[in-house]
Amino acid sequence: MDQDEVEDFGISVEDSLDSNLLKTRPAKCSNPSSPADIKEKPAEDMQNFDDPSSYEDTSIPIQYQMDLDIIGVGAAGQVYDVDEHTVLKTCRIYEPPSNNATPRALWDYASETVFHFGLLKDERAVLRLLAEHPHPNIIEVIDLDQPEGLYIRKYRQISEMTPATQFDRILWYQDILRALLHLHTLGITHSDIRQDNILFDSNGHAILSGFGASCSFGYPNPSLPLLTNGTSENVSDATDRFAMASMTYELETELRPGISIDDAQGLILPVVQTGNKDLDSLIEKSWRGRFSSTLAMLRDAERISDGKDNRRPTAHLALKTELRERISSWRNDRVNQHGSDVYFSLCRPSVRSMYWQSGMAGN
């Protein structure tokens, strides 16, 4: 782990993690200034984001944070409420094992802590690039420079947008396709398109979030053997379009698509009946790879609504500079009241010690 990683992790250079332990999580991005700086991760180091059996942390309790409301927990981290305009996204912070913990518990805590720190570091790197190339349908980052995590503008969740008409949802699909088109222009895939990663601004515009799995074109498909991103071994703009079709199908039918492969390696797709034949066609064409580009898919989606959109443009009540000042004040208050902004115990005993104490270092 280099000097920057050690400082981000909140531990001293002397306590930095052994290089062997770092092999338990992928190393994807490191503060890229351009899409070319987003490095590929070796396939053998990739953990399957969508397969619950690939996670060893199902029984590791999340560390309680004094006077801090947790409003979301996902594969890449957890989200805390800061104020009415801002949230804090951290890596998953686990409760340290007890002194008499089993070797397996030590291993799970150490490996999962490092793995999820890596996911947040990767997401921070992608968001740095997106901060240089912003888009109105992509989350706005307020502060990326704090070691505890990412301070992001607060949006509404999809559960707050119901009931919604099919026309409303078609506008959402257009919003997300515009965000994806922007990403793809930068040579980046999202690789984790699902309902949980769709947020909304105050005027009902859909906002794409959750960039922990994002990477450059050509990276190994993280969803395999599940078909979330399709059957391709490597991610591309087409794999995001495939996932976009699956999410659209799920929002329209309230059913998982249940896609599978037959003996001849052909796709077995569900019958699509959304009540709108043009939307049915959009989904099927995306699944079957019949769009030449994300722009072509967006144009089809826009034709469904005939270009109608009565929503007001995105407008934020609080300016970014104001929110940064609020974050600084909030962090100072947390330190004064609790000794730190976020409690993150890693080195007593250190993660490195737990790793070697587990006896699983060579496994």
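This passage describes the overall makeup of a predicted model and then the arrangement of one of its sheets together with the helices that lie across that sheet.

In the predicted model, the protein chain contains 9 helices and 12 strands. Of the 363 residues in the protein chain, 51% are buried, and the chain exposes an area of about 16,900 Å², of which 48% is supplied by carbon and sulfur atoms. When contacts in the protein chain are restricted to those between residues at least 6 apart in sequence, 66% of them join residues that are at least 24 apart.

An open sheet is formed by 5 strands, which are arranged in the order β1-β2-β3-β5-β4 with antiparallel pairing. The edge positions are taken by β1, comprising residues 70-73, and by β4, comprising residues 141-146, each of which pairs on one side only. From one strand to the next, the twist of this sheet averages 20°.

Within the sheet, strand β2 (residues 78-81) is joined to strand β3 (residues 86-90) by 4 bridges, the two strands running antiparallel; in this part of the sheet, Val 79 stands opposite Lys 89 of β3. Strand β3 is in turn joined to β5 by 4 bridges, again with the two strands running antiparallel, and here Leu 88 has Tyr 151 of β5 as its bridge partner.

The pairing of β4 with β5 is likewise antiparallel and extends over 3 bridges, with Val 141 having Ile 152 in β5 as its bridge partner. These two strands, β4 and β5, form a hairpin in which 2 residues lie between them. Strand β5 thus pairs with β3 as well as with the edge strand β4, and β5 is mostly covered, with 5 of its 5 residues buried.

Two helices lie across this part of the sheet. Helix α3, which spans residues 103-132, lies across β3, β4 and β5 (149-153), and runs at about 125° to β4. Helix α8, which spans residues 320-338, also lies across β3, β4 and β5, but its direction is at about 45° to β4. The strands β3, β4 and β5 are therefore crossed by both α3 and α8, where angles are taken between N-to-C directions and may run from 0 to 180 degrees.

Note on methods:
Residues numbered from 1 in each chain as written. Predicted model: local features only at pLDDT ≥ 70, side-chain atom pairs only at ≥ 80, totals over all residues. Heavy atoms only, no water. Pairing = 2+ DSSP bridges. Contact = heavy atoms within 4.5 Å. Buried < 20%, exposed > 50% of the residue type's maximum accessible area, 1.4 Å probe, protein only. Areas by Shrake-Rupley, 256 points an atom, 1.4 Å probe, with all protein chains shown as cover.
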